[in-house]
Amino acid sequence: MWHHGIVPEIGVPLAETEELCYELNALPPSRKTERETILRRLLGKVGERFIIHSPFRCDFGKQISIGENFIGNFNLTILDEGPVTIGDNVFIGPNVSIYTIVHALDASQRNDGVMRSRPVTIGNNVWLGGNVVVLPGVTIGDNAVIGSGSVVTKDVPPSVLAVGNPCRVLRPITEADRIPVGEIILPK
């Protein structure tokens with residue numbers, strides 16, 4: 001156990017990751033190659049096509065696996081004491097936090113540094129709106145959309161819109177949710 005400090009076995013990797021995050025966040029967006037090199041060193045796995053805007057923070061990085069065509073907006077925080085698996089075509093809005101660590105509820109255990117981790121899994125084609133918090137042990141199914149400001153405390157099934165604190169399924173995503181052709185705005 002530790003007291004007012006960090007267990008040495010995890011202190012070194014935490015410090016190394018903090019340094020890499022600092023280096024990444026200090027680089028301008030125009031230095032894409034250097035940014036990508038740092039992210040590939042930092043993360044356990046990442047697809048060929050991805051964007052992660054600064055600032056980005058994580059605890060270890062090596063427990064994070066990200067699929068193809070990923071977009072992580074500004075101020076993404078992933079506390080990866082446990083595995084975090086993110087599928088393909090995932091869009092994450094600004095100020096999103098993904099947590100795998102749970103500190104003990106019992107004060108004496110918490111003061112002794114007792115904690116446990118639970119993995120987080122985010123399926124393919126998921127969109128997390130801005131200011132979403134995903135708690136330890138959660139799985140978010142393929143094609144789900146999590147509304148801005150939600151706190152995801154339990155699993156979310158595939159192909160639903162879920163919102164709130166705590167996050168609840170609002171309804172299925174259907175053909176009626178498609179944007180009409182005349183209203184589509186494409187980037188130029």
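Visitor: Which helix gives the most to the lining of the second largest pocket?
Guide: In this predicted model, that is helix 2, which contributes four residues to the lining of the second largest pocket. Helix 2 spans 32–42, and strand 2, at 50–52, is likewise among the elements that supply at least two residues each.

Visitor: And which residues line the second largest pocket?
Guide: The lining consists of L27, P29, K32, R35, E36, L39, F50, I51, I52, H53, S54 and F74. Sorted by class, these are seven nonpolar, two polar and three charged residues, and the space inside the second largest pocket comes to about 330 Å³.

Visitor: What about the largest pocket, how much space lies in there?
Guide: The largest pocket holds about 410 Å³. Its lining is made up of 13 residues, of which I173, T174, D177, R178 and I179 are the closest to the centre. By class, the lining of the largest pocket has eight nonpolar, one polar and four charged residues.

Visitor: Switching to the sheet, in what order do the five strands of the open sheet come?
Guide: The order is 3-6-9-14-17, with parallel pairing throughout that open sheet. Strand 3 (56–58) and strand 17 (151–152) are the edge strands, each of them pairing on one side only.

Visitor: How many bridges join strand 3 to strand 6?
Guide: Three bridges join strand 3 to strand 6, the latter covering residues 76–79, and the two run parallel. At the level of single residues, F56 has L76 as its bridge partner in strand 6.

Visitor: Which residues touch the most other members of the largest nonpolar core?
Guide: F56, L128 and I140 do, within a core of 39 residues. As general background, nonpolar side chains in soluble globular proteins tend to be buried together. Taking L128 as an example, and leaving aside neighbours within four places in sequence, L128 is in contact with F91, I92, G93, V96, I122, V134, I140 and I146.

Visitor: Back to the sheet: is S97 buried or exposed?
Guide: S97 lies in strand 9, which covers residues 97–99, and S97 counts as buried because its relative accessible area is 13%, against a cut-off of under 20%. Not counting residues up to four places away in sequence, S97 touches T77, V132, V133 and V134.

Visitor: Where is V138 found?
Guide: V138 sits in the loop between strand 14 (133–134) and strand 15 (139–140). With a relative accessibility of 1%, V138 is buried. If residues up to four places away in sequence are set aside, V138 touches P119, V120, T121, V152, T153, K154 and D155.

Visitor: How far apart in space are V138 and T121?
Guide: From C-alpha to C-alpha, V138 and T121 are 6.5 Å apart, although they are 17 residues apart in sequence.

Visitor: One more topic, strand 18: how do strand 18 and strand 19 run?
Guide: Strand 18 and strand 19 (residues 168–172) run antiparallel and are joined by four bridges. Strand 18, residues 160–163, is also joined by two bridges to strand 16 (residues 145–146), and that pair runs parallel. L161 takes part in both pairings, since L161 is the bridge partner of V145 and stands opposite R171 in strand 19.

Visitor: Which residue takes a positive phi in the hairpin of strand 18 and strand 19?
Guide: G164 does, with a phi near 105 degrees, in a hairpin that has four residues between the strands.

Technical notes:
Residues are numbered from 1 along each chain as its sequence is written. This is a predicted model: local features need pLDDT of at least 70, side-chain atom pairs count only at pLDDT 80 or more; totals for chains, interfaces and linings use all residues. Side-chain values use heavy atoms; hydrogens and water are left out. A nonpolar core is a set of buried Ala, Val, Leu, Ile, Met, Phe, Trp, Tyr and Cys residues joined through side-chain atoms within 4.5 Å. Buried means under 20% relative accessible area, exposed over 50%, partly exposed in between (1.4 Å probe, protein chains only). Contact means heavy atoms within 4.5 Å. Two strands pair if DSSP finds at least two bridges between them. On a 1 Å grid over the protein atoms alone, a cavity is a set of points where a 1.4 Å probe fits but cannot get out, and a pocket is an open set with protein on both sides within 12 Å along at least five of seven lines; lining residues have an atom within 4 Å of a point. Grid points are joined across faces, edges and corners, and a volume is the space filled by probe spheres set on the points. Ala, Val, Leu, Ile, Met, Phe, Trp, Tyr, Cys and Pro count as nonpolar, Asp, Glu, Lys and Arg as charged, and the others, Gly among them, as polar.
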